[in-house]
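Here is a small set of exercises to work through with the model open beside you. Try each task first, then compare your steps with the solution.

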Amino acid sequence: MNIYNQSAEVTSYLKQLRAEGRQYGFVPTMGALHRGHLSLIDRAKKENDLVVCSIFVNPAQFNDPKDFDLYPKTIETDISQLENAGCEVLFYPDTSQIYPAGSASGERYDIGRLEFILEGKYRPGHFQGVCKVMRRLMNIIQPDRLYLGQKDFQQCLVIQKLLSLMHLKARIVTCPTLREADGLAMSSRNTRLTAEQREKAPGIFKALCYIRDHVRRGTLNQVKEDAVEILLRHGFSVDYVEISSTKEFSPMQEWDGRIEIIALIAARMGEVRLIDNMVLQPHVAPKEAI
Ligand code: AMP
């Protein structure tokens, strides 16, 4: 695997590959890699001539400085995992490569209401930070395809919007969420849970499954309230439990039983904030209920 720390060097290396007619997929990450990340690398390997991964903990997207300081850093095991996965190129810059003028100030992106709902509401400034880093990374890497995880569903929509604002043609490939055996979505943040918290953390998945199994046409309030109860019972404090259409992505109070919807949860276990979601096809509800 070729490892680059300098933006100009990775750009010129990739330009050379492009000139030889090779296509490449890009998997941006913040490191502390787990099998969820590696599933994105696998998918990108299948669909491209080679794969570029980046590891950069982006200060601009952390609304909570403590969360940034505590973000796990495991670069040595990350590198060996990427090598085992067959990743060809790693871009591992320091902050000055991405933000020569600092990460605090800069441009604003008009991403509409995505900026203010759900994750945007609970993490002010987060998606502007995501746009800042992704614009820079896309300019540096210029991939044919961009691999993102459905676990960060709203982030996928934000990045899709960013690419259209930038008039970029790279295709986004959204990959399914990998889970532990007990249903907990894999996340770099899981390593910060104590043993006791880790045991209770699959409560998020249980709440999502509850919604999947009990959602009915009509008002959604009761099923959301029940899911909140499940989370509280597992020791979470709840930021939100919401149900949105996958297309419009605005939180819904009622469902017609026909359109595809997604249940989304953000909740805190102690100091660790976890998010997860589940797409619910209309056919999951029993026929007589629709
Ligand atoms: P992160 O390092 O958390 O910024 O994640 C990098 C990429 O991996 C993002 O596109 C995430 O959505 C994706 N990702 C994170 N966790 C998972 C998971 N459990 N399964 C699949 N993809 C994931």
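**Exercise 1. A phenylalanine in a loop**

Is Phe249 buried or exposed, and what is its relative accessible area? Then describe its backbone and its ring partner.

Solution. Bear in mind throughout that this is a predicted model.

Step 1: The relative accessible area of Phe249 is 1%. Buried means under 20%, so Phe249 is buried.

Step 2: Locate Phe249 in the chain: the residue sits in the loop between E8 and E9.

Step 3: Look at the backbone. Phe249 has a positive phi, near 55°, and is a residue other than glycine.

Step 4: Find the neighbouring ring. Phe249 forms an aromatic pair with Phe153, with 5.5 Å from centre to centre and 45° between the planes, and the pair is tilted.

Step 5: Place both partners. Phe153 belongs to helix H8 (residues 153-165), while Phe249 is in the loop between E8 and strand E9 (254-255), so the pair ties together parts that are 96 residues apart in sequence. Phe153 is buried too, at a relative accessible area of 13%.

**Exercise 2. Classifying an aromatic pair**

Determine how the rings of Phe62 and Phe68 are arranged, and which residues form an aromatic cluster with them.

Solution. A pair of aromatic rings is described by the distance of the centres and the angle of the planes.

Step 1: Count the pairs in the model: there are six aromatic pairs.

Step 2: Take the pair of Phe62 and Phe68. Their ring centres are 5.3 Å apart and their planes stand at 65°. Planes over 60 degrees apart count as edge-to-face, so this pair is edge-to-face.

Step 3: Extend the view. Phe62, Phe68 and Tyr71 make up one aromatic cluster.

Step 4: Check the accessibility of the two phenylalanines. Phe62 is buried at 9% relative accessibility, whereas Phe68 is partly exposed with a relative accessible area of 26%.

**Exercise 3. The surroundings of the ligand**

Describe the shell around the ligand: how many residues surround it, and which elements supply at least two of them?

Solution. Go from the whole shell to single contacts.

Step 1: The ligand is surrounded by 16 residues, and the closest are His37, Gly149, Asp152, Leu178 and Met186.

Step 2: Sort the shell by class: eight residues are nonpolar, six polar and two charged.

Step 3: Assign elements. At least two shell residues each come from strand E2 (24-29), helix H2 (35-47) and strand E5 (145-149). H2 gives the most, with three residues.

Step 4: Turn to the backbone contacts. An oxygen atom of the ligand lies 2.9 Å from a backbone N or O atom of Met30. For Gly149, a backbone N or O atom is likewise 2.9 Å from an oxygen atom of the ligand. At Leu178, a polar backbone atom is 2.9 Å from a nitrogen atom of the ligand.

Step 5: Consider the cover. Of the 480 Å² of accessible area that the ligand has on its own, the protein covers 92%.

**Exercise 4. Two enclosed strands**

Explain why E2 is largely enclosed by the rest of the structure, and do the same for E8.

Solution. Treat each strand in turn.

Step 1: In E2, six of the six residues are buried, so the strand is largely enclosed by the rest of the structure.

Step 2: Separate the two faces of E2. Tyr24, Phe26 and Pro28 point one way, Gly25, Val27 and Thr29 the other way, and all are buried.

Step 3: Find the partner of E2. Six bridges pair E2 with strand E3 (residues 50-55) in the parallel sense, and Thr29 has Ile55 in E3 as its bridge partner.

Step 4: In strand E8 (residues 237-245), seven of the nine residues are buried, so E8 is also largely enclosed by the rest of the structure.

Step 5: Find the partner of E8. Eight bridges join E8 to strand E10 (residues 261-269), and the two run antiparallel. Glu242 has Leu264 in E10 as its bridge partner.

**Exercise 5. A leucine with positive phi**

Where is Leu118 placed, and is Leu118 buried or exposed?

Solution. Step 1: Leu118 is in the loop between helix H5 (95-98) and helix H6 (119-122).

Step 2: Leu118 is not a glycine, yet its phi is positive, about 50°.

Step 3: With 6% relative accessibility, Leu118 counts as buried.

Note on methods
Residues numbered from 1 in each chain as written. Predicted model: local features only at pLDDT ≥ 70, side-chain atom pairs only at ≥ 80, totals over all residues. Heavy atoms only, no water. Near = heavy atom within 4 Å. Polar contact = N/O pair within 3.5 Å; in protein donor to acceptor, adjacent residues only side chain to side chain. Areas by Shrake-Rupley, 256 points an atom, 1.4 Å probe, with all protein chains shown as cover. Helix = DSSP H or I, 4+ residues; strand = E, 2+ residues; numbered from the N terminus. Nonpolar A, V, L, I, M, F, W, Y, C, P; charged D, E, K, R; others polar. Buried < 20%, exposed > 50% of the residue type's maximum accessible area, 1.4 Å probe, protein only. Pairing = 2+ DSSP bridges. Phe/Tyr/Trp six-rings, centres within 6.5 Å; stacked < 30°, edge-to-face > 60°.
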